[in-house]
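Hi,

Here is the structure I promised to pass on. Have a look at it first, and my notes follow below.

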Amino acid sequence: MSPLLLVTALFGTSVMAGGTGAILGLGGGILLIPILTLFFGIDLHYAMGASIVSVIATSSGAAAAYLRTSLSNVRIGLFLVVATVSGALVGAALAGVVPPRLLQLLLGLALAYSTLTTLRQLRVELPEPTEADPLALRFGLEGAYYDAALDRDVKYRATRVRSGFGAMFGAGLLSGLLGIGSGAFKVLAMDHFMRLPMKVSTATSNFMIGITSAASAGIYFARGDIHPLVAAPVAVGVLVGAVFGTRLMARLRNTTIRKAFVPVLGWLAVSMILRGLGIGLP
Amino acid sequence: MSRPVAIERIIARILTFGGLFSIALVLGGLVVYAAAGHPQAREIVRVVHNREAGRAVDVFTSLGDVWRALAQRPPDPLAITALGLVCLLVTPVLGVAAAAVAFWRSGDRDYAAISGIVLAMLVLSFALAAAG
């Protein structure tokens with residue numbers, strides 16, 4: 001492959017990853033790392049370095065747009081980031097102490113269960129109003145946004161805040177222990193436990209993943225995993241893709257986004273179970 | 001009490017400006033690198049496929065590395081790209097710092113404290129990374 005073709009192909013792939021990440025609240029690592037390593041044959045460490053850059057680029061591009069349209073909820077995002085970043089710091093400290101394969105297997109089984117429960121909610125456009133959670137009231141974990149697909153304002157309030165906070169700590173712990181991103185887990189915790197609208201969950205996840213990734217970006221940089229020639233076209237492509245993704249997401253229904261999210265969850269569940277069983281995947 | 005919309009706009013502006021500024025540096029460095037006919041421009045494919053070959057020449061692992069490469073005459077174009085990537089990595093941290101200040105100024109002490117905690121944890125993680 002010629003250098004120009006390589007850079008162009010990396011850029012094109014990253015536009016796609018950025019668009020998907022912006023809509024689904026993921027960093028894009030789940031798509032980028034296998035593509036960079038399997039199709040482009042790029043060293044895994046550089047692929048992971050480019051992935052962490054892509055998460056922050058997606059977050060910067062998408063969260064800025066979602067914050068302006070009130071789809072990202074800053075309070076919910078910052079409240080939950082405390083759980084994720086502290087979980088990640090504890091996870092990084094425990095790395096090497098806890099057997100990662102057992103964790104991956106347990107995580108994979110939990111994700112498989114979540115995939116099935118999400119399948120049952122496929123037709124749910126907006127969650128039913130529930131009893132107010134005292135923590136949600138105390139910390140103002142609520143908001144409203146204009147839903148372009150429904151053509152009306154949607155008000156929402158978080159529920160089961162303790163469970164959501166615990167799930168976020170777990171997501172951070174696993175990301176610190178296993179070195180994986182946790183965008184999908186964040187969306188799952190907000191959608192499943194806290195019963196936020198799917199769009200708010202993915203948009204708020206977009207705001208959060210930039211912050212949680214920044215916490216580990218320094219480590220990747222210091223290790224020499226961020227290669228300018230790989231990370232640069234990825235960063236530019238992902239940012240462009242994220243801008244297009246945010247425009248598309250505003251017009252999508254919550255049910256459509258959930259339908260697109262299910263295969264990602266299913267893939268994560270399968271890959272985690274396989275890794276837990278010692279069957280290697282990129 | 002707080003004015004959430006104003007706070008969200010401030011953070012959005014920082015993320016937008018940080019993202020665009022970083023990408024301008026990243027692209028600028030790449031364009032100069034390609035235009036200068038850098039001796040390694042033809043070897044990008046080899047470099048990205050071989051970690052050790054790339055590490056020796058192109059990969060910056062500290063701000064000091066980037067700074068030294070920028071101080072050369074002429075500056076190393078890939079150092080400009082690396083500086084852009086560093087700015088991108090720092091952008092979310094600036095967003096959290098701005099949120100802490102904005103919440104404090106709007107009188108929302110709870111969220112000023114929460115943003116401050118997040119910021120402290122980010123600084124701790126950077127310190128741990130720098131300590132190796």
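**What I found**

In chain A, 58% of the 282 residues are buried. Keep in mind that this is a predicted model.

Starting with the fold: chain A is built from eleven helices and two strands, and along the sequence they come in the order α-α-α-α-α-α-β-β-α-α-α-α-α. Its radius of gyration is 18 Å, close to the 19 Å from the globule rule for 282 residues, so chain A is as compact as a globular protein of that length. The C-alpha trace of chain A spans about 55 × 40 × 30 Å along its principal axes. Of the contacts in chain A between residues at least 6 apart in sequence, 82% link residues at least 24 apart.

Now the inside. The largest nonpolar core has 126 residues, and Val53(A) and Ala235(A) are the ones touching the most other members. Helix α3 (residues 44-68) of chain A contributes the most to this core, 15 residues. Val53(A) is worth clicking on: beyond its neighbours within four places in sequence, its contacts include Ile226(A), Ala231(A), Val234(A) and Ala235(A), plus Leu85(B) and Leu88(B) from chain B.

That brings me to the interface, where 50 residues of chain A meet 52 residues of chain B. On the chain B side, the elements giving two or more residues are α1 (4-35), α2 (44-49), α3 (51-57), α5 (77-105) and α6 (109-131). The largest share there, 14 residues, is from α1(B). By type, this side of chain B splits into 33 nonpolar, twelve polar and seven charged residues.

Cheers

Methods:
Residues are numbered from 1 along each chain as its sequence is written. Chains are lettered from A and ligands numbered from 1 in the order in which they are written. This is a predicted model: local features need pLDDT of at least 70, side-chain atom pairs count only at pLDDT 80 or more; totals for chains, interfaces and linings use all residues. Two residues are in contact if their C-beta atoms, placed from the backbone, lie within 7 Å. Helices (H or I, at least four residues) and strands (E, at least two) are DSSP runs, numbered from the N terminus. Ala, Val, Leu, Ile, Met, Phe, Trp, Tyr, Cys and Pro count as nonpolar, Asp, Glu, Lys and Arg as charged, and the others, Gly among them, as polar. A nonpolar core is a set of buried Ala, Val, Leu, Ile, Met, Phe, Trp, Tyr and Cys residues joined through C-beta atoms within 7 Å. A residue is buried if 20 or more other C-beta atoms lie within 10 Å of its own, exposed if 12 or fewer, and partly exposed in between; C-beta atoms are placed from the backbone. The radius of gyration is taken over C-alpha atoms; the globule rule is 2.2 Å times the number of residues to the power 0.38.
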